[in-house]
Structures are given as C-alpha cells and as structure tokens.
Amino acid sequence: MARDGDINEPTREFPGYPTADTLPARSDDTAPPRPGGSAPSGAPARGLLMVLGAAALAVVVLLGAQATGIFPDFRNPFAKEQTDRSQPPLLKSIQDLSRYVAAEGNFQVVVDLQNDRNNVPDFLLNQRTLFVGAGSVEAYVDFTKISEGAVVESADGKSVEIKLPAPQLGKTNLDLQKSYVFAEERGLLNRLGELVNGDPNRQQQVYQLAEERITAAARDSGLTQRAEENTRKMLEGLLRSLGYEKVTVTYAAP
C-alpha cells in the first residue's frame, strides 16, 4: 500500500505529465543526435550555397576593382599572351628608283582550285580551296630609260618635245589583309597527311594563281593607257610652268 508521501510521485505505470513550469525548459533544450543518425539534410546544401555566393561576390568585387582602377596591378591570371620570337629584319639590297608611278589598279579575283585523283572518291583524297584574292598593280614610266636626244627644244625656246619609253606594269602586289580563304574541302587522307607532316606552304599555289589572274587582268584593263595620259599631263603642267608654250610628249613602241 502506498504511503501518503508518495502519492504525488510518478510511477512506472503512471508517468508524470509535463506542467506549465517544465514546458519552456524542454522546448529550449536541443535534443542530442541519436547514435548512428545523420545531420539534417538541408545543412550541406545551405553550406554549398554560402560558399558559391561568397566566391561569386569575390569575383564581382575583383572585376569591379579592376574596372574602376582601384587595383591597377591586378591582372587576369588566364589572360591571353603573345610572344614574338621573330628575328630582326635583314637588309639585302638597296635599289634606286627613277620611275614615275602614273596609275594603279586594284583588283579582286576568286580562285576555285581543286586537286584530286582519278578513280579515288573525294571523301578520301581531295583538296578544294575557294580563295578570294585582292591585289594591286602599278603602271609606271621608267625615266632611267630615256635615251639621249629624247628632249628636243625649239630654236625660239617656246616649245619642247619629249620622247618617253612606253609605260610598264609593275609586279602584282597581293594584299594579304584583304585576301582570305572563303571555303576549303579536304579528304580524309589529306587531313591525316597534314597531321603527320603539315605543309606550311599549302596555300602557296592559290596565292600564285591569284597573282597570275590579277596580272592578266591588269594587261587588259587599259592601265598603261591611263599611265600615258597621266604622265603627259604631269609633264605638260611642269614644263609650261617653266615658260614653254607648247609641250609634246610621245612614247616609244612597247
């Protein structure tokens, strides 16, 4: 039989119920993790987000500092670098020129060059290049070829006759900044051969063909006739300023 002093004591059959005094204390206590239990699933995700956010903030701060000039010495560690190991230019010769460039023609040509083999499929052995070439050709009169007696002055000194050599066309100057490969097709064996022993002069053939086409076009463009007219006008203006009233300019047969 229970004693009077033990009436309010909890027993195994009748455990004690929480009261108003004990509820706040229990709600503030953090329950220790159970043996073998895992941490809450949201904790690693929140930690990863915090790390990524901090890294992004650091990058934004560094880029902003570089843009504003606060840290002028800061440089991108992965910036592109270019190293020039070219040798100094070597002077091979000097040539005195006594030519008057009277006209210049600018040309553009499209070269479609294909190299293949008979009875071999194109996907195995084939090379086709579509090249756009831009170049210029000068027309000039070489004054060093003026022979003796080419300049005849009249007795009264009012007229003069000059006989000049025929205008010539200079060498075609291919402008590499305006020339480019528009399209290129190569077979499987061509690609493998380039990997094994690449040819740095592979495009030399299309360059040469473009220069030949431009040179031929310059011959048929009337560039030398324009050079004759411009040279005649230049000499007439020059000699008239020296006091000659009549100036006659003729050209030798080309």
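**Exercise 1. Find what share of the protein counts as buried, and describe its overall layout.**

*Solution.* Start with burial: of the 254 residues in this predicted model, 19% count as buried. Next, look at the secondary structure. The protein has 5 helices and 8 strands. Reading along the sequence, you meet them in the pattern α-α-β-β-β-β-β-β-β-α-α-α-β. Finally, turn to the contacts between residues with a separation of 6 or more: 75% of them join residues 24 or more positions apart.

**Exercise 2. Work out which residues touch the most other members of the largest nonpolar core, and which elements build that core.**

*Solution.* The largest nonpolar core has 16 residues, and Val111, Val137, Ala210 and Ile214 touch the most other members. Now ask where the core residues come from. β1, β2, α4 (204-219) and α5 (223-241) are the elements that give two or more residues to this core. The largest share, 6 residues, belongs to β1. Take Ala210 as a sample member: leaving aside residues up to four places away in sequence, Ala210 touches Val109, Val111, Phe131 and Leu174. There is also a second, separate core of 10 residues, with Val160, Leu164, Val247 and Val249 among them. As background, nonpolar side chains tend to be buried together in soluble globular proteins.

**Exercise 3. Decide where the buried residues of helix α4 lie around its axis.**

*Solution.* First check the length. α4 has 16 residues and spans 23 Å from its first C-alpha to its last, close to the 22 Å expected at 1.5 Å a residue. Then list its buried residues: Val206, Ala210, Ile214 and Ala218. Looking down the axis of α4, these buried residues fall within an arc of 110°, so they line one face of the helix.

**Exercise 4. Do the same for helix α5, then look at its other side and at what follows it.**

*Solution.* α5 has 19 residues and reaches 27 Å from first C-alpha to last, close to the 27 Å expected at 1.5 Å a residue. Its buried residues are Leu223, Ala227, Thr231, Leu235 and Leu239. Down the axis of α5, the buried residues fall within an arc of 120°, so they line one face of this helix. On the other side of α5 you will find Lys233 and Ser241, which are exposed. After the helix comes Gly243, whose phi is positive, near 115°.

**Exercise 5. Describe the surroundings of Ala227.**

*Solution.* Begin with its place: Ala227 is in helix α5. With a relative accessibility of 0%, Ala227 counts as buried, since the cut-off is under 20%. Its contacts, not counting residues up to four places away in sequence, are Ala102, Ala103, Ala139, Pro167 and Tyr251. For a distance to try in the viewer, the C-alpha atoms of Ala227 and Leu169 are separated by 9.6 Å, although the two residues are 58 residues apart along the chain.

**Exercise 6. Compare the accessibility of two strand residues, Ile162 and Glu185, and find a partner distant in sequence for each.**

*Solution.* Ile162 sits in strand β4 (residues 159-164) and counts as buried at 8% relative accessibility. Beyond residues up to four places away in sequence, Ile162 touches Ala150, Val151, Leu239, Thr248, Val249 and Thr250. One of these, Val249, is 87 residues from Ile162 along the chain, yet their C-alpha atoms are separated by 4.9 Å.

Glu185 belongs to strand β7 (residues 180-186). Its relative accessible area is 45%, making Glu185 partly exposed. Glu185 and Gln127 lie 58 residues apart in sequence and 5.6 Å apart in space, C-alpha to C-alpha.

**Exercise 7. Classify the aromatic pair of Tyr100 and Phe143, and say which parts of the chain the pair ties together.**

*Solution.* The structure holds 2 aromatic pairs. In the pair of Tyr100 and Phe143, the ring centres are 6.4 Å apart and the planes are at 5°, so the pair is stacked; planes under 30 degrees apart count as stacked. Tyr100 lies in strand β1 (residues 99-116) and Phe143 in the loop between β2 (126-142) and β3 (151-153), so the pair ties together parts 43 residues apart in sequence. Both rings' residues are partly exposed: Tyr100 has a relative accessible area of 24%, and Phe143 one of 29%.

Another ring is worth a look: the charged end of Arg99 sits over the ring of Tyr140, 3.8 Å from its centre.

Note on methods: Residues are numbered from 1 along each chain as its sequence is written. This is a predicted model: local features need pLDDT of at least 70, side-chain atom pairs count only at pLDDT 80 or more; totals for chains, interfaces and linings use all residues. Side-chain values use heavy atoms; hydrogens and water are left out. Rings of Phe, Tyr and Trp (its six-membered ring) pair if their centres lie within 6.5 Å; planes under 30 degrees apart count as stacked, over 60 as edge-to-face and the rest as tilted. Helices (H or I, at least four residues) and strands (E, at least two) are DSSP runs, numbered from the N terminus. Buried means under 20% relative accessible area, exposed over 50%, partly exposed in between (1.4 Å probe, protein chains only). A charge sits over a ring if NZ of Lys or CZ of Arg is within 6 Å of the ring centre and within 35 degrees of the ring normal. A nonpolar core is a set of buried Ala, Val, Leu, Ile, Met, Phe, Trp, Tyr and Cys residues joined through side-chain atoms within 4.5 Å. Contact means heavy atoms within 4.5 Å. The expected span of a helix is 1.5 Å times one less than its number of residues. The arc is that of the directions from the helix axis to the C-beta atoms.
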